[in-house]
Amino acid sequence: MVEAVRAGRFALRSVQSIDDVMECLTGVPAGVPEQLRDDTVNGRIARRLRELARIRRGEPRALRRGATRTTPRAAGGSSGDTLG
């Protein structure tokens with residue numbers, strides 16, 4: 001391991017929290033719990049957990065994402081639509 005660090009193939013970092021780890025791994029700020037924004041790891045996690053809760057409650061996909069389909073889906077494949 002020492003040789004890998006010397007060669008620049010491995011780095012050691014000191015962290016104090018899981019948020020520090022997530023920032024190191026993703027390069028995205030962890031964010032603060034009081035402000036869950038979509039440009040932070042914690043905000044993205046919170047958004048995904050809300051989506052999963054809606055799925056579990058059985059909400060239709062379009063309602064979960066607040067999106068509407070602009071073109072009909074082609075039979076047997078994706079039409080390249082963008083959903084929210």
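## Met1 and the nonpolar patch

Met1 has a relative accessibility of 64% and therefore counts as exposed, the cut-off for that class being over 50%. In this predicted model, Met1 is placed in the segment before helix α1, which covers residues 2–6.

Met1 also contributes to a nonpolar patch on the surface. Its partners there are Val5, Phe10 and Leu12, and the patch amounts to about 420 Å².

## Overall architecture

The protein contains four helices and zero strands. Along the sequence these elements give the pattern α-α-α-α.

Of the 84 residues, 14% count as buried. Among the contacts in the protein with a separation of 6 or more, residues 24 or more positions apart account for 0%. The accessible surface comes to about 6900 Å², and carbon and sulfur atoms hold 53% of that area.

## Helix α3

Helix α3 is formed by the 17 residues 41–57. At 1.5 Å a residue, a helix of this length should span 24 Å; the end C-alpha atoms of α3 lie 25 Å apart, so the model agrees with the expected value.

The buried residues of α3 are Val41, Asn42, Gly43, Ala46 and Glu51. After the helix comes Gly58, which has a positive phi, near 90°.

## Salt bridges within helix α3

Side chains of opposite charge can pair when their charged atoms come close. The structure holds five salt bridges, and Glu51 takes part in a pairing with Arg47 as well as one with Arg48.

In the pairing of Arg47 with Glu51, the N to O distance is 4.0 Å. Arg47 and Glu51 are four residues apart in helix α3, which means that about one helical turn separates them. For Glu51 and Arg48 the N to O distance is 3.0 Å. These two residues, Glu51 and Arg48, are three residues apart in α3, and therefore also stand about one helical turn from each other. Through shared partners, salt bridges join Asp38, Arg47, Arg48 and Glu51 into one network.

The accessibilities of these side chains can be set out in turn. Glu51 has a relative accessible area of 14% and is therefore buried, since buried means under 20%. Arg47, with a relative accessible area of 33%, is partly exposed. Arg48 counts as partly exposed because its relative accessibility is 42%.

## The Arg37–Asp39 pair

A further salt bridge links Arg37 with Asp39. The closest N and O atoms of Arg37 and Asp39 are 2.6 Å apart.

Are the two partners buried or partly exposed? Arg37 has a relative accessibility of 46%, so it counts as partly exposed. Asp39, at 40% relative accessibility, likewise counts as partly exposed.

Key
Residues are numbered from 1 along each chain as its sequence is written. This is a predicted model: local features need pLDDT of at least 70, side-chain atom pairs count only at pLDDT 80 or more; totals for chains, interfaces and linings use all residues. Side-chain values use heavy atoms; hydrogens and water are left out. The expected span of a helix is 1.5 Å times one less than its number of residues. Buried means under 20% relative accessible area, exposed over 50%, partly exposed in between (1.4 Å probe, protein chains only). Patches are made of residues with over 30% relative accessible area and no salt bridge: like charges are joined within 9 Å, nonpolar side chains (Val, Leu, Ile, Met, Phe, Trp, Tyr) within 5 Å. Accessible areas come from the Shrake-Rupley method with a 1.4 Å probe; for residues, only the protein chains shown count as cover. A salt bridge is a side-chain nitrogen of Lys or Arg within 4 Å of a carboxyl oxygen of Asp or Glu. Contact means heavy atoms within 4.5 Å.
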